[in-house]
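Let's take a friendly walk through this structure, one region at a time. Keep the 3D view open as you read, and turn it as each new part comes up.

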Amino acid sequence: MNKGKYYITTAIAYTSGKPHIGNSYEIVLADSIARFKRKDGYDVFFQTGTDEHGQKIELKAQEAGVTPKAFVDNVAGQIREICDMLDTSYDKFIRTTDDYHEKQVQKIFKRLYDQGDIYKGAYEGMYCTPCESFWTESQLVDGKCPDCGRECKPAKEEAYFFKMSKYADRLIEHINTHPEFIQPVSRKNEMMNNFLLPGLQDLCVSRTSFKWGIPVDFDDKHVVYVWLDALTNYITGIGYDADGDSSEQYQKFWPADLHLIGKDIIRFHTIYWPIFLMALGEPLPKQVFGHPWLLQGDGKMSKSKGNVIYAQDLVDFFGVDAVRYFVLHEMPFENDGVISWELMVERLNSDLANTLGNLVNRTISMSNKYFGGIVENKGESSDEAQKAIDADLKAVVTSTYERVCARMDSLRVADAITEIFTTFKRCNKYIDETEPWVLAKDEAKKDRLATVLYNLTESIIIGASLLEPFMPKTAERIAAQLNTQLRAFDTLSDFGALPDGHKVTDKPEILFARLDVKEVVEKADAMFEARKAEAAKAETAEDENVIDIEPKAEITFDDFEKLQFQVGEIIKCEEVPKSKKLLCSQVKIGSQVKQIVSGIKAHYSAQEMVGKKVLVLVNLKPAKLAGVLSEGMLLCAEDAEGNLSLMVPERTMPAGAEVC
C-alpha cells in the first residue's frame, strides 16, 4: 500500500535556551501525524531542527562567556535530546549553522538581489531584541513590542530589504483559491485582515549591528536576517539548490504537505515564506497549521517564578507515553490548552490506568484464569441479545480506523485519540454487558465465555494498532502482552484475524499505575522550591563575581568639581580611517555638538552607537587621536576580560542633563 509522499515539518526551535513543555508539544504533535501517515501507507519525510543565528543568541553567548557557536551547540544538543526522549521519529534534524544550509542561504540572497527583489536601504524604527523585529511607532502597543510586550529601543542601520508588496496580490489570490492553505480558518482571517489587505511593508532581510549570522557574501558588513535564514531550512534540508541543481529528494518531497508551527509565528510562515518561494519560482507548501499554545494552569511559566515545567520533569513523574497522551489529547484544535499536575494525574488515573490499562489486564487475566491463556473464537451467541451485543462491539471496533482517519485528515489529533479511547470504553462496557465471571460459573456457557474473551482480545489489538502513532511504546507493550503483532491499518476494518488457539502472556503487567494527586503536587512543589534555591544561589555567586583594581591617589572635592559630566546623545558615528580601534561620534550635549573619538570599535559598531544616550566627560582638553580631533570622553566600564560597556543613564534623560 503506497499512498504517495508526505513531507511534514515543525518550526525549528530557537536556540536561546532550553525549551519548556509548551515548546516541546509541537514535536510530539508532528511526530504523531508523521507516524500515523507512515502506518497509513505514505512515504513520509519528517524534518525538525534548530534556528541558531541572531542578535539575541549573540548576547546570550556573551553573557555566558562563550562563543555563539559553542552556545548554540550546547542548546541544540539539549533540544535534540528532548526530541529523542519524547520518542519522536524525525528523519532529519537540521541546524541553520550547517554548512550546506548557510551556503544555500547565501545563494538565495544573491539570486533575489540579482533579480531585483532585494535592494539596499536604511532602517530607522523601534527594535525588539528578543523578537528580533523592527516596528514603527504606530505598531507598538502601549510603547511595547506588539508580539512579546517587551521594551523596544530606537535603532537605525543600513539594511537590505525585500519587496514584499510585489507579490502581495498573488499571495492573496492563492489564499482565496486554496482555503485549506492556512488552518485553522481563524488564523487565515487574521493574516488577511490584519496584514495582507491593509498592505505589506518591505521586509528588512539583513543586519549590520551584530555579527552572528550568515554573511551576505557580496557585502560582508551585512548578515542575513533571521526569517530569510530560518524559513529556508524547509527546502535546504531536503536538497534545494538555488542554482537549479536540486536533489532527487527535493524533487520528490517538495512542496511540503504540512508546516506545523505555533500560532505566534503564523505571519512569517503564511506571508513571508510563501512570498520568498514565489520569488524563487518554487511551489508553495500545501498547508500551514498554526497550533494553539499549551499553558500552565496556575499562570505563565517563568524561570523567575521557578515554575517552568520541562519535558524531562513530566517524563520523570509520569513516563513518556503518558506525557505524549496528555499533550496530544488535552490540546483543543484552535484554543489554548492547559497543563497542571492535578489534571495530569486525573487523566493518567482515569484514561490510562483505568480505561486502557485495566481493560488489558482484566482481559489477559481472565483468559489465563479460565482457559490457560488460550484464546479461541467459538462463535457462540446463543440468543438475539447476545448477537446484538457482539455485533455492536464489532461495528464500533471495525469503524474506528475510518473515524480516526477522518479526524487526522483535518488535523484534529485530540479527537482522533478520543475515537480510539471510545473503542476501549466500548470494550469495558462489553465486559459489563457479558459478565465473564458469571459465564465462568456455568460449564454450559464455556463456549460463550471463550467467544467473549476472543472478541475482547481482537478488539484490544485493533485499538492498540491505532494507538501506536500516539503512544508507540504502550501499543508495543499491549501487543507483547497479547503475544501478537500490531497490525497494518489496511487490515483494521476486518474483525477476526487473531487465529484460534492463540496464547496470551502468562503474567500481564500493569501498563499505568494509579497515582495520588496530593503526593504528586507535593513532589512538584519540592522540585520548584529546589530550583528557586538553586537560582538564588547562582544569582548570589554572580553578585560575588567582582573585580578589584589598583586604587589611584585620593582627590579632593575641589578636584572632582573641576570635572564636568553630562548626558549626551550620539547623533552620528563613523569609523576612523586607518584605525582598528577608534570610532568618531558626534555627540549632542544641550545645544552643542561635540566630536569624541573612542577606542571602542571592537565592542560597538558605528551603526549601533547612533541614538544612544551616554555619559560624557565634556571638559577634557581636546586632543588628536589618529589625526582626528576629540573634544571629550565617553564613560565606559571594563571587565577582567577587557570587554567594554558604555555607561548610560538608568532613566530617560535629556541630552545635556548634568551628572552630579
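A good place to begin is a single bridge: Cys128 is partnered with Ser133 in strand β6. Please keep in mind that you are looking at a predicted model. Strand β5, residues 118-128, pairs with β6 in the antiparallel sense, and three bridges join them. Now widen the view to the whole sheet, which is open and has four strands in the order β6-β5-β7-β9, with antiparallel pairing. Which strands stand at the edges? They are β6 (133-135) and β9 (203-204); each has a single partner strand, so one side of each is left without a neighbour in the sheet.

Strand β7 leads us on to the aromatic residues. The model holds 32 aromatic pairs. In one of them, the ring centres of Phe162 and Phe276 are 5.2 Å apart and the planes lie at 75°; an angle over 60 degrees counts as edge-to-face, so this pair is edge-to-face. Phe162 belongs to strand β7 (residues 153-162) and Phe276 to helix α10, so the pair links distant parts of the chain, 114 residues apart. Both of these Phe residues, Phe162 and Phe276, are buried.

Compare that with Phe421 and Phe424, another edge-to-face pair, with 5.4 Å from centre to centre and 85° between the planes. Here the two partners sit in one helix, α15 (residues 413-434), three residues apart, or about one turn. An α-helix has 3.6 residues a turn, so residues three or four places apart point the same way. Phe421 and Phe424 are both buried. There is also an aromatic cluster to look for, formed by Tyr7, Phe45, Tyr234, Tyr240, Tyr250, Phe253, Trp254 and Trp273.

Return now to helix α10, which spans residues 266-280 and includes Arg267. Is Arg267 buried or exposed? Its relative accessible area is 9%, and the cut-off for buried is under 20%, so Arg267 counts as buried. Beyond its close neighbours in sequence, Arg267 touches Trp135, Asp147, Met191, Phe195 and Tyr272. The C-alpha atoms of Arg267 and Met192 are 9.9 Å apart, although 75 residues separate the two in sequence.

Next, look at how two helices meet. The axes of α12 and α13 come within 10 Å and cross at roughly 105°, which means that α12 is roughly perpendicular to α13. On the α12 side, the residues in contact are Ala322, Val323, Tyr325, Phe326 and His329, and they meet Leu343, Met344, Arg347, Leu348, Asp351 and Leu352 of α13. By type, the residues of this contact are eight nonpolar, one polar and two charged.

Stay with α13 a little longer, for this helix also holds Thr363. With a relative accessibility of 1%, Thr363 counts as buried. Apart from neighbours within four places in sequence, Thr363 is in contact with Ile431, Leu453, Leu456, Thr457 and Ile460.

We finish at helix α18, residues 472-481, where Pro472, Thr474, Ala475, Ile478, Ala479 and Gln481 are buried. What covers these buried residues? The cover includes α1 (21-39), α12 (320-329), α13 (341-371) and α17 (446-467), so the two crossing helices α12 and α13 turn up again here. Just after α18, Asn483 takes a positive phi of about 60°.

Terms used
Residues numbered from 1 in each chain as written. Predicted model: local features only at pLDDT ≥ 70, side-chain atom pairs only at ≥ 80, totals over all residues. Heavy atoms only, no water. Buried < 20%, exposed > 50% of the residue type's maximum accessible area, 1.4 Å probe, protein only. Contact = heavy atoms within 4.5 Å. Axes fitted to C-alpha atoms, helices over the stretch in contact; angles between N-to-C directions. Parallel < 35°, antiparallel > 145°, perpendicular 65-115°, else oblique. Nonpolar A, V, L, I, M, F, W, Y, C, P; charged D, E, K, R; others polar. Pairing = 2+ DSSP bridges. Phe/Tyr/Trp six-rings, centres within 6.5 Å; stacked < 30°, edge-to-face > 60°.
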